[in-house]
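Here are my notes on the model, set out as numbered points. Please read them with the structure open.

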Amino acid sequence: MKPMNQEKIPWEIISAQLKGNASSQQKELLKDWLSESDENAKTYQQILCDWQISNQKVNFYSPDTEKLWGKLLTRIEKQPQKRFIPLRVYRWVAAAAVLVLVFLSGMWMGNFSSFFANEQVYTTVISPKGSRTQVILPDSTCVWLNSGAEIRYPTSFKQKTRDVYIVGECFFDVTKDKQRQFVVHAEKVDVRVFGTQFNVRENERSKQVDVALLEGKVKVFGKQNQPLTELKPGEQFTLANGKGTVQQVSNIERLVAWKDNMLIFVDDPLEEVIQILESWYGVKITVDSQMLTKHNYTFKVKTESLRDVLDLISVITPIEYKIDGDEVMINYKNK
């Protein structure tokens, strides 16, 4: 692949996309750029990979070659010498050894690359706690990852199906392809579509899985490939304790408002509110157990801080709270 012309890369749009604040127009422009060529898609994947690595703050080892060369010569000079060999010979021998090593490494890597040429190469993206992350897949499918969610996908979809693997909560806007089905592999279910918008949420604490459909049609299967249900727009499938149910949701958009950096609660029990706030703000919240089954809440969160939200809850319910780093304690105010 020829080196990509740096001037042709839409850096500003990609930067906005990775930061999660790209406008609708920027998203469409990025999709158009990605669909222009495989080279553009590969370039984007490399940028995404570099971005992920840099966010992990990995300190790479960079050897000090001058210092190491000096140590090598010192060790050579200290060795007992039964016969005199000029120092320059040692340099030649060491240089020759390095060249042989590089040559053999090149041969091995060439064989290694050839051996795995037909193997799928995967990219893994993890959304940091308390953050939302957007990813555009090689087929231009757009995926939003909620706090702590993870997605693993191939750098190019070469198989008969477009398979991705997720952990946590993800929203998908799948690019239509009638020839290749798009399959989302979660821990307990598989979701199969050709092109649609839907949300998959796995709750690690309750072991519950929810699949909500906004547009199109999806089929949900168990991990033994048994069909569980086929959803219509506005429906949500829930799998809990081995039992699956389907219900019509009056305002299904509120279930996926998180992808637009918004939370909408409508008569939701405190226990569910707390779980969502923990994920949203990346904290651990401990609540007086007597409160959990007594209160339901209706409110909206967009740009409010955790303290703002707790102040709002305290207006609805007489509570007091304490924030200590990423630990939060909530109790009744009269206790």
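1. Which residues does Phe198 touch, not counting residues up to four places away in sequence? The model is a predicted one. In it, Phe198 touches Cys170, Phe171, Phe172, Val174, Val184, Val191 and Val193. Phe198 also touches Ala212, Leu213, Leu214 and Val218.

2. The nonpolar core comes next. The largest one has 73 residues. Phe198 is among those with the most contacts inside this core, together with Ile151 and Phe172. Helix H6, residues 270–281, gives the most to the core, with six residues.

3. Some totals for the chain. The protein chain has seven helices and 19 strands. It holds 335 residues, and 39% of them count as buried. Take the contacts with a separation of 6 or more: residues 24 or more positions apart account for 45% of these.

4. On enclosed space, the count comes to one cavity of 30 Å³ or more. The volume of the largest cavity is about 50 Å³. Its lining consists of Glu169, Asn199, Arg201, Asp210, Ala212, Gln236 and Leu255. Strand E9 (197–203) and strand E10 (208–215) are the elements that give two or more residues to this lining. By class, the lining residues of the largest cavity divide into three charged, two polar and two nonpolar. Ala212 deserves a second look: this residue lines the largest cavity and is also touched by Phe198.

5. Now the open space. The largest pocket has a volume of about 1,300 Å³, and 43 residues line it. Nearest its centre lie Arg201, Glu202, Asn203, Gln275 and Ile276. Two or more lining residues come from each of E9, E10, E13, strand E15 (263–269) and H6. H6 supplies the largest share of the pocket lining, seven residues. The lining of the largest pocket divides into 15 nonpolar, 13 polar and 15 charged residues. Arg201 appears in both lists: it lines the largest cavity, and it is among the residues nearest the centre of the largest pocket.

6. Is Thr238 buried or exposed? Thr238 lies in strand E13, residues 235–240. Its relative accessible area is 11%, which is under the 20% limit, so Thr238 counts as buried. The side chain of Thr238 makes a polar contact of 2.7 Å with the side chain of Asp210. Asp210 is also one of the residues lining the largest cavity. Leaving aside neighbours within four places in sequence, Thr238 is in contact with Gln208, Val209, Asp210, Lys243, Gly244 and Thr245.

7. Arg192 is in strand E8, residues 189–193. Its relative accessibility is 21%; buried means under 20%, so Arg192 counts as partly exposed. Which side chain does a polar contact of 2.3 Å join to that of Arg192? The partner is Asn225. Please check that distance on your side. Beyond four places in sequence, the contacts of Arg192 are Gln181, Phe182, Val183, Val218, Lys219, Phe221 and Asn225. Val218 is touched by Phe198 as well. Arg192 and Thr161 are 31 residues apart in sequence, and their C-alpha atoms are 9.6 Å apart in space.

8. Two backbone angles should be looked at. Asn261 is not a glycine, yet has a positive phi of about 60°. Asn261 sits in the loop between strand E14 (243–248) and E15. With a relative accessible area of 34%, Asn261 is partly exposed. Asp267 is not a glycine either, and has a positive phi of about 55°. Asp267 lies within strand E15. Its relative accessible area is 51%; exposed means over 50%, so Asp267 counts as exposed.

9. Last, Ile316. Its place is in helix H7, residues 306–316. How far apart in space are Ile316 and Thr298, C-alpha to C-alpha? They are 9.6 Å apart, with their positions 18 residues apart in sequence. At 45% relative accessibility, Ile316 falls between the limits of 20% and 50%, so Ile316 counts as partly exposed.

Terms used
Residues are numbered from 1 along each chain as its sequence is written. This is a predicted model: local features need pLDDT of at least 70, side-chain atom pairs count only at pLDDT 80 or more; totals for chains, interfaces and linings use all residues. Side-chain values use heavy atoms; hydrogens and water are left out. On a 1 Å grid over the protein atoms alone, a cavity is a set of points where a 1.4 Å probe fits but cannot get out, and a pocket is an open set with protein on both sides within 12 Å along at least five of seven lines; lining residues have an atom within 4 Å of a point. Grid points are joined across faces, edges and corners, and a volume is the space filled by probe spheres set on the points. Helices (H or I, at least four residues) and strands (E, at least two) are DSSP runs, numbered from the N terminus. Ala, Val, Leu, Ile, Met, Phe, Trp, Tyr, Cys and Pro count as nonpolar, Asp, Glu, Lys and Arg as charged, and the others, Gly among them, as polar. A nonpolar core is a set of buried Ala, Val, Leu, Ile, Met, Phe, Trp, Tyr and Cys residues joined through side-chain atoms within 4.5 Å. Buried means under 20% relative accessible area, exposed over 50%, partly exposed in between (1.4 Å probe, protein chains only). Contact means heavy atoms within 4.5 Å. A polar contact is a pair of N or O atoms within 3.5 Å; within protein, one must be able to donate a hydrogen and the other to accept it, and residues adjacent in sequence count only if both atoms are side-chain atoms.
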